[in-house]
Amino acid sequence: MLRDFIRTERARRRHLTTPFGSYLDGYLSHRQTQGLSVRSVANNLKWVTAFGEYVAEKGIAVHDVGECVVEAFVQHYRTHSRRVGSARRSSEGSAALIDALRGSLRSLLVYLRGVGAVPPLAAKTSVPHQEVLVEYLAFLRAHRGFAELTLNQHQRWAGAFLESVASRCPAVKLSALSCADAEAVVLAIGASLGRRSRQIMTTTVEAFIRFLRGAGHVPRSCVPFLPRIKTYALSSLPSVIPWSDVERALDGIERNTSMGKRDAALMTLVATYGLRAAEVVNLRLDDLDWRGGVIHVRQTKTRRVLDLPLLTPVRDALVTYLRSGRPSTSERRVFVKCHAPRGPISRAVLYGVVRKTLNGAGITAAHYGPHALRHARASSLMRTGRSLKVIGDLLGHRVPEATMLYCKVAVEDLRAVALELPEASS
């Protein structure tokens with residue numbers, strides 16, 4: 001692999017004599033499989049060799065290389081003279097150059113950790129009573145069957161609660177925690193949070209304290225009165241984008257590029273079926289039954305497989321993307337990144353596509369995520385006279401109550417059944 005970039009034996013010897021010389025072929029092949037261009041891989045090779053020479057000069061073993069060594073080299077690279085180039089007019093190097101250098105060396109660390117040359121990242125500093133938190137998460141995983149995203153949320157707020165208890169009540173042991181202490185800690189955590197975050201935090205911490213009581217980690221008398229934000233079912237209207245605006249946004253997508261074809265397939269899929277973000281991100285090629293005309297959606301909330309008809313607009317958008325827009329990759333998930341490093345898209349990418357498409361069409365909305373399109377699809381079906389059963393089946397709702405929220409946007413239907421106001425008698 002190194003011979004593809006360095007042709008002379010003398011130059012190859014310089015690259016191979018650094019501490020990273022024996023890993024260069026594997027690293028360069030790894031970067032090419034991630035979709036980097038030949039020029040980008042060549043730049044990576046140059047920086048890795050310069051980094052290797054710096055490591056050798058400082059007497060650092062490969063096993064001891066980590067983020068601190070990388071950052072020290074980046075600062076060294078900025079302040080020492082180098083060859084003159086268009087991207088290096090600044091004495092300390094351009095910001096883009098330094099960011100590319102840092103990113104290249106971080107990718108080297110990832111590769112070295114993958115092959116065992118560098119030890120894995122040290123675990124994050126444990127919170128106080130870490131063993132209690134680990135026990136709680138194991139309980140939620142085994143007995144509640146929570147998804148990883150939900151577990152991460154419980155870990156965040158339960159960890160914050162334990163840290164705050166240790167800092168605000170250092171003289172109080174967990175086994176002697178009082179109601180007043182727990183209430184003061186929750187109030188302190190929620191002081192800087194918004195309404196929705198405070199509501200989630202309070203509910204999560206309440207569940208955590210209930211577990212602590214049952215497991216005997218806190219006194220049975222520790223039943224704090226936590227401040228709750230009162231909410232009522234169906235008390236608010238869903239944030240709905242008019243369906244005509246959604247159609248206009250879909251028509252405005254530029255479909256001549258690979259990214260445009262991917263974005264068109266993403267937006268058509270989300271807008272047609274009202275899928276959740278994780279359901280789109282995790283969609284696999286095996287879930288597309290072309291002969292049967294069915295798309296199998298793995299629902300994140302209910303953990304069931306929802307079979308939906310593969311409608312013509314969705315089928316055409318997917319076929320166009322898969323044939324002429326999707327990069328060549330062994331990845332089985334349908335939607336992948338258009339830029340290096342290659343890999344499946346994340347939820348953040350999907351949110352970015354939705355926001356870019358809606359903003360490009362000049363649409364103003366309270367929220368710009370996939371759920372805005374989910375609300376728009378359900379509301380459009382409601383306005384065209386579809387039943388709650390049909391809408392609920394499309395959205396994957398298990399109970400009719402989950403779909404009733406969209407009845408509130410059928411304003412004309414509500415006017416038809418409104419009761420007359422009685423006349424006031426004098």
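The face of helix H14 turned away from its buried side carries the exposed residues Ala-348 and Gly-360. The model is predicted. Its buried side is made up differently: Leu-350, Val-353, Val-354, Thr-357 and Leu-358 are buried in H14. Seen down the helix axis, the buried residues fall within an arc of 120°, so they line one face of H14. That face has several partners. The buried residues of H14 pack against helix H10 (243-251), H11, helix H12 (277-281) and helix H15 (370-383).

The length of H14 can be checked too. The helix covers residues 347-360, which is 14 residues. At 1.5 Å a residue they should span 20 Å, and the end C-alpha atoms are 20 Å apart, so expectation and model agree. Just after H14, Gly-362 takes a positive phi of about 70°.

The loop before H14 deserves a look. Pro-341 lies in this loop, between helix H13 (312-324) and H14. The peptide bond from Ala-340 to Pro-341 is cis, with omega near -5°. Most peptide bonds are trans.

Now to the core. In soluble globular proteins, nonpolar side chains tend to be buried together. Here the largest nonpolar core has 49 residues. Leu-269, Tyr-273, Ile-295 and Phe-335 have the most contacts inside this core. Helix H11 (residues 258-273) gives the largest share of the core, eight residues. Apart from this core lies another, of 32 residues, among them Ile-6, Val-48, Val-69 and Leu-97.

Which residues does Ile-295 touch, leaving aside its neighbours within four places in sequence? Ile-295 is in contact with Leu-269 and Tyr-273, and also with Leu-283, Asp-287 and Leu-288. Further contacts of Ile-295 are Leu-306, Asp-307, Leu-308, Pro-309 and Leu-310.

Val-48, one of the residues of the 32-residue core, also takes part in a helix pair. Helix H2 (residues 24-33) and helix H3 (residues 38-58) have axes that come within 10 Å and cross at roughly 145°. The crossing of H2 past H3 is right-handed. On the H2 side, the meeting residues are Leu-24, Tyr-27, Leu-28, Arg-31 and Gln-32. On the H3 side, they are Val-41, Asn-44, Leu-45 and Val-48.

One backbone point remains. Most residues other than glycine have a negative phi. His-129 has a positive phi of about 60° although it is not a glycine. His-129 lies in the loop between helix H5 (95-114) and helix H6 (130-144). Is His-129 buried or partly exposed? With a relative accessible area of 29%, His-129 is partly exposed.

Note on methods. Residues are numbered from 1 along each chain as its sequence is written. This is a predicted model: local features need pLDDT of at least 70, side-chain atom pairs count only at pLDDT 80 or more; totals for chains, interfaces and linings use all residues. Side-chain values use heavy atoms; hydrogens and water are left out. A nonpolar core is a set of buried Ala, Val, Leu, Ile, Met, Phe, Trp, Tyr and Cys residues joined through side-chain atoms within 4.5 Å. Buried means under 20% relative accessible area, exposed over 50%, partly exposed in between (1.4 Å probe, protein chains only). Helices (H or I, at least four residues) and strands (E, at least two) are DSSP runs, numbered from the N terminus. Contact means heavy atoms within 4.5 Å. The expected span of a helix is 1.5 Å times one less than its number of residues. The arc is that of the directions from the helix axis to the C-beta atoms. Axes are lines fitted to C-alpha atoms, for helices over the stretch in contact, and angles run from 0 to 180 degrees between N-to-C directions. A crossing is left-handed if the near helix is turned anticlockwise from the far one by less than a right angle, and right-handed if clockwise.
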